[in-house]
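I'm opening my notebook to look up a few things in this structure, one entry at a time. Sequence and structure go in here, and my notes follow.

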Amino acid sequence: MTTFVDRVELHVAAGNGGHGCASVHREKFKPLGGPDGGNGGRGGDVILTVDQSVTTLLDYHHSPHRKATNGKPGEGGNRSGKDGQDLVLPVPDGTVVLDKAGNVLADLVGHGTSYVAAQGGRGGLGNAALASARRKAPGFALLGEPGDLQDVVLELKTVADVALVGYPSAGKSSLISVLSAAKPKIADYPFTTLVPNLGVVTAGSTVYTIADVPGLIPGASQGKGLGLEFLRHVERCSVLVHVLDTATLESERDPVSDLDVIEEELKQYGGGLDRRPRIVVLNKIDVPDGKDLAEMVRPDLEARGYRVFEVSAVAHLGLRELSFALAEIVAKARAAKPKEEATRIVIRPKAVDDAGFTVSREEFGGELLFRVRGEKPERWVRQTDFNNDEAVGYLADRLNRLGVEEELMKAGARSGDGVAIGPEENAVVFDWEPSMTAGAEMLGRRGEDHRFEAPRPAAQRRRDRDAERDEAMREYGDFDPFAE
């Protein structure tokens, strides 16, 4: 049964925005009291947040599909829909968020650090919000936008100060068990350690974390054994500790050759591991042959520039000196780190000549197609109810004011040419007609309803009638079309 998972693919879906409401206020003696449709609610976001109590990605391994709630639609009486609830997913400290191509989207380190993996859709405006001096009674509302759909990969990189590396059965788990309160599984066969172990060590005034990973073998950087799968867990460490077995029963191995093999694997893996400070621990000196071998190879290792410690995890020999030496290196590494500053808010204003959209000519099925791409045009299309002629006319007005029609003409578009707004896999395609109109114009200017206009005074009506009569007399002579 799997108890530790450090890499998962997560499919997240943010909530959809609620639709706006098209409603007209009605009450006794006031059948047409004006538009009162409310706005739709915003869809919920999917947020990844670091939680120190979470140590594995196991939950997402079993349930990789997560979705936030949708926003509620607006209602009459100027009642806006309720916003969807954000879905907060706790992840371990040190989780890296990547896209499917392997590009890093976020590196979540530190309790409370968060990343919005999928953003909820905006709610659509109701007809009360769309009303204006020119459009007093909109007979439509905007649709809510769909929420983002994202596939992300979560990788856990353990946040530890010290990493123990070495061959299987070199004594790494035994060492971490006596240096800290960690209780890993310990046995006398290779690959006892199947998952990274983490412990906390106190040395004087310095408190640091120490981790060990499954043992490395030749070819680990190319995927042999278990080491490659977990080497990412030592990438954040300040110091590497080579744990060398001085009492190995394999005749073809010795501490120096073991060190060379592990160093080569770290170099091949990359990730900056070959540049980390190192300490060499000669373990199992409680065994007589182990003590003799340690004294034999120590001068060679020190000649290479390594600090060497002879220890025994079983007999508790040399552990205090090792613990304080590690604390000294960790303290220096922490002091050398730049101080964390508050995140700066970066404002990137758009250029004054940025139209906010682009128009390109394409060939599609032997036909000429003009594709419009841009945040605003694509969002407006998603918000439009194409079953409502007035809503389509409103979209045409917005695109025209943005300058889309002018750019289409400059690109060579003619009446009847195909125009696509949006990406190729999800575009709205229509036959373009300059200055698009909709059936709502039969009421006058788009969105107006003359029933809401204030009645003309009697004197004004008489003057208008007299002017119409005079105009008719000039046109028809003695014939009076207004005569009873």
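**Entry 1: a sheet of three strands**

I started with one pair of residues: Ile47 has Val88 in β4 as its bridge partner. I should write down that the model is a predicted one. Then I looked up the two strands around that pair. Strand β2 covers residues 46–50, and β2 and β4 pair in the parallel sense over five bridges.

Which order do the strands of this open sheet have? I get β4-β2-β7 for the three strands, with mixed pairing. The edge strands are β4 and β7 (114–118), and each of these pairs on one side only. I also checked the angle: neighbouring strands in this sheet are turned by 30° against each other on average, with direction ignored.

**Entry 2: the whole chain**

I stepped back to count. How many helices and strands are there in the protein chain? My tally is eleven helices and 18 strands. The protein chain has 484 residues, and 44% of them count as buried.

I looked at contacts next, taking those with a separation of 6 or more in the protein chain. Residues 24 or more positions apart account for 69% of these. For the surface, I noted that the protein chain exposes about 26600 Å², and that carbon and sulfur atoms supply 51% of that area.

**Entry 3: Glu155**

I picked Glu155, which has its place in strand β8 (residues 149–156). Is Glu155 buried or exposed? Its relative accessible area is 14%, so Glu155 is buried, given that the cut-off for buried is under 20%.

What does the side chain of Glu155 meet? I found a polar contact of 2.9 Å that joins the side chains of Glu155 and Arg7. I then left aside the neighbours within four places in sequence and listed the contacts of Glu155: Asp6, Arg7, Gly94, Thr95, Val96, Leu98 and Arg232. Arg7 turns up in that list too.

**Entry 4: salt bridges**

A reminder to myself: side chains of opposite charge can pair when their charged atoms come close. How many salt bridges does the count come to? I have 24. I went through three of them.

The first pair I took was Asp107 and Arg236. They form a salt bridge, with the closest N and O atoms 2.7 Å apart. Asp107 lies in strand β6 (residues 104–108) and Arg236 in the loop between α4 (227–230) and β12 (239–245), so this pair ties together parts that are 129 residues apart in sequence. I looked up the exposure of both partners. Asp107 is partly exposed, at a relative accessible area of 44%, and Arg236 also counts as partly exposed, at 23%.

My next pair was Lys284 and Asp245, another salt bridge, with the closest N and O atoms 3.2 Å apart. This pair links distant parts of the chain: Lys284 sits in the loop between β13 and α6, Asp245 sits in strand β12, and they are 39 residues apart. Which side of the cut-off does each one fall on? Lys284 counts as partly exposed at 24% relative accessibility, whereas Asp245 is buried at 6%.

The last pair was Glu295 and Lys291. Their side chains meet in a salt bridge of 3.8 Å, N to O. Both residues lie in helix α6, four residues apart, and that is about one turn of the helix. Glu295 counts as partly exposed at 45% relative accessibility, and Lys291 does too, at 30%. I followed this pair further and found a network of salt bridges that links Lys291, Glu295, Arg298, Glu302 and Glu310.

**Entry 5: two positive phi values**

Before this entry I reminded myself that most residues other than glycine have a negative phi. Where does Asn78 lie? I found Asn78 in the loop between β3 (65–67) and β4 (87–91). The phi of Asn78 is near 60°, a positive value in a residue other than glycine.

Lys284 came back here as well. The phi of Lys284 is near 70°, again positive in a residue other than glycine. I filled in the ranges for its loop: Lys284 lies between β13 (278–283) and α6 (288–303).

How values were computed: Residues numbered from 1 in each chain as written. Predicted model: local features only at pLDDT ≥ 70, side-chain atom pairs only at ≥ 80, totals over all residues. Heavy atoms only, no water. Pairing = 2+ DSSP bridges. Axes fitted to C-alpha atoms, helices over the stretch in contact; angles between N-to-C directions. Buried < 20%, exposed > 50% of the residue type's maximum accessible area, 1.4 Å probe, protein only. Contact = heavy atoms within 4.5 Å. Areas by Shrake-Rupley, 256 points an atom, 1.4 Å probe, with all protein chains shown as cover. Polar contact = N/O pair within 3.5 Å; in protein donor to acceptor, adjacent residues only side chain to side chain. Salt bridge = Lys/Arg side-chain N within 4 Å of Asp/Glu carboxyl O.
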